[in-house]
Amino acid sequence: MNYELKRIYLVGYMGSGKSSALKQLGKLLSWDTYDLDRLFEEKYKISVQDFFHKYDEAAFRKLESQLLKETAKYENAVIATGGGTPCFYDNMEWMNANGTTIFLKVSTKTAVNRLLNSKKKRPLIEGKSEEQLLEYVERHYGERMPFYEKAQYTVKGENLKFEK
């Protein structure tokens with residue numbers, strides 16, 4: 001990994017394990033950890049879920065992109081991005097230029113199983129049945145894959161363990 005760039009950006013689809021990997025990698029490296037969705041909620045004093053309901057995805061993506069670029073101030077930091085972060089504006093190119101990017105790749109089946117069992121509310125899949133969720137994830141994940149695949153490293157997200 002390029003340790004001259006003092007930031008690692010974790011990218012991947014909803015349910016790929018970015019939050020779990022964030023904790024593991026931060027602890028392993030003794031680096032600070034940041035979750036872009038949490039930074040958004042702290043800065044704008046509104047949950048991502050509520051923001052999507054009150055405004056729209058386009059407004060969210062614009063603010064999210066600005067917030068992502070603010071992470072340039074962090075050094076020795078691991079940053080978990082939202083599932084859509086790499087797919088808008090020039091975010092993926094920007095992360096590659098300003099840090100090390102790691103794509104946590106999981107199968108569609110794994111993503112669906114994790115989303116069905118997740119306590120975290122996700123505005124893009126709210127109210128979908130298991131069958132609707134599977135159809136949605138297959139299409140949506142496929143659309144996002146070209147962006148994720150621009151990451152500098154790809155790791156298998158199932159049973160992921162970062163160890164020395």
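## Close-up views of a predicted model

**View A. Phenylalanine 88 and the residues it meets.** Setting aside residues up to four places away in sequence, phenylalanine 88 touches Glu57 and Arg61. All the views here come from a predicted model, so please read them with that in mind. Phenylalanine 88 sits in the loop between strand 3 and helix 5. With a relative accessible area of 26%, phenylalanine 88 is partly exposed. For a sense of scale, phenylalanine 88 and leucine 160 lie 26 Å apart in space, C-alpha to C-alpha, and 72 residues apart in sequence.

**View B. Tyrosine 89 in its loop.** Here we stay in the loop between strand 3 and helix 5 (91–98), where tyrosine 89 is found. Look at the backbone here: tyrosine 89 is not a glycine, although its phi is positive, at about 50°.

**View C. Serine 30 between helix 1 and strand 2.** The loop that joins these two elements holds serine 30. Serine 30, too, is not a glycine, and has a positive phi of about 60°. Is serine 30 buried or exposed? Its relative accessibility is 64%, so serine 30 counts as exposed.

**View D. The buried side of helix 2.** Helix 2 spans residues 36–44, and its buried residues are Leu36, Asp37, Leu39 and Phe40. These residues lie on the same side of helix 2, because they cover an arc of only 160° around the axis. What covers them includes strand 2 (32–35), helix 3 (48–54), helix 4 (57–70) and strand 3 (77–80).

**View E. The two ends of helix 2.** Start at the N-terminal end, which is capped by aspartate 35. The cap brings a side-chain oxygen of aspartate 35 to 2.8 Å from the backbone nitrogen of aspartate 37. Then follow the chain to lysine 45, just after helix 2, where phi is positive at about 55°.

**View F. Valine 48 and its contacts.** Valine 48 belongs to helix 3. Its relative accessible area is 9%, so valine 48 is buried. Which residues does valine 48 touch, not counting residues up to four places away in sequence? They are Asp37, Phe40, Glu41, Phe60 and Pro123. Two of these names, Asp37 and Phe40, also appear among the buried residues of helix 2. Much further along the chain is glutamate 163, 115 residues from valine 48, and the C-alpha atoms of the two are separated by 32 Å.

**View G. The largest pocket.** This pocket holds about 530 Å³ of space. Helix 1 (18–29), helix 2, helix 3, helix 4 and helix 6 (108–117) are the elements that give two or more residues to its lining. In total, 34 residues line the largest pocket, and those nearest its centre are Met14, Asp37, Gly83, Lys120 and Arg122. What is the make-up of the lining of the largest pocket in nonpolar, polar and charged residues? There are nine nonpolar, 13 polar and twelve charged residues. Asp37 is worth finding again here, as it is one of the buried residues of helix 2.

**View H. Helix 6 and its cover.** The buried residues in helix 6 are Thr110, Ala111, Val112 and Leu115. Helix 7 (130–148) is part of what covers them. Helix 6 also links this view to the previous one, since it gives two or more residues to the lining of the largest pocket.

Note on methods: Residues are numbered from 1 along each chain as its sequence is written. This is a predicted model: local features need pLDDT of at least 70, side-chain atom pairs count only at pLDDT 80 or more; totals for chains, interfaces and linings use all residues. Side-chain values use heavy atoms; hydrogens and water are left out. Buried means under 20% relative accessible area, exposed over 50%, partly exposed in between (1.4 Å probe, protein chains only). Helices (H or I, at least four residues) and strands (E, at least two) are DSSP runs, numbered from the N terminus. The arc is that of the directions from the helix axis to the C-beta atoms. Contact means heavy atoms within 4.5 Å. A polar contact is a pair of N or O atoms within 3.5 Å; within protein, one must be able to donate a hydrogen and the other to accept it, and residues adjacent in sequence count only if both atoms are side-chain atoms. On a 1 Å grid over the protein atoms alone, a cavity is a set of points where a 1.4 Å probe fits but cannot get out, and a pocket is an open set with protein on both sides within 12 Å along at least five of seven lines; lining residues have an atom within 4 Å of a point. Grid points are joined across faces, edges and corners, and a volume is the space filled by probe spheres set on the points. Ala, Val, Leu, Ile, Met, Phe, Trp, Tyr, Cys and Pro count as nonpolar, Asp, Glu, Lys and Arg as charged, and the others, Gly among them, as polar.
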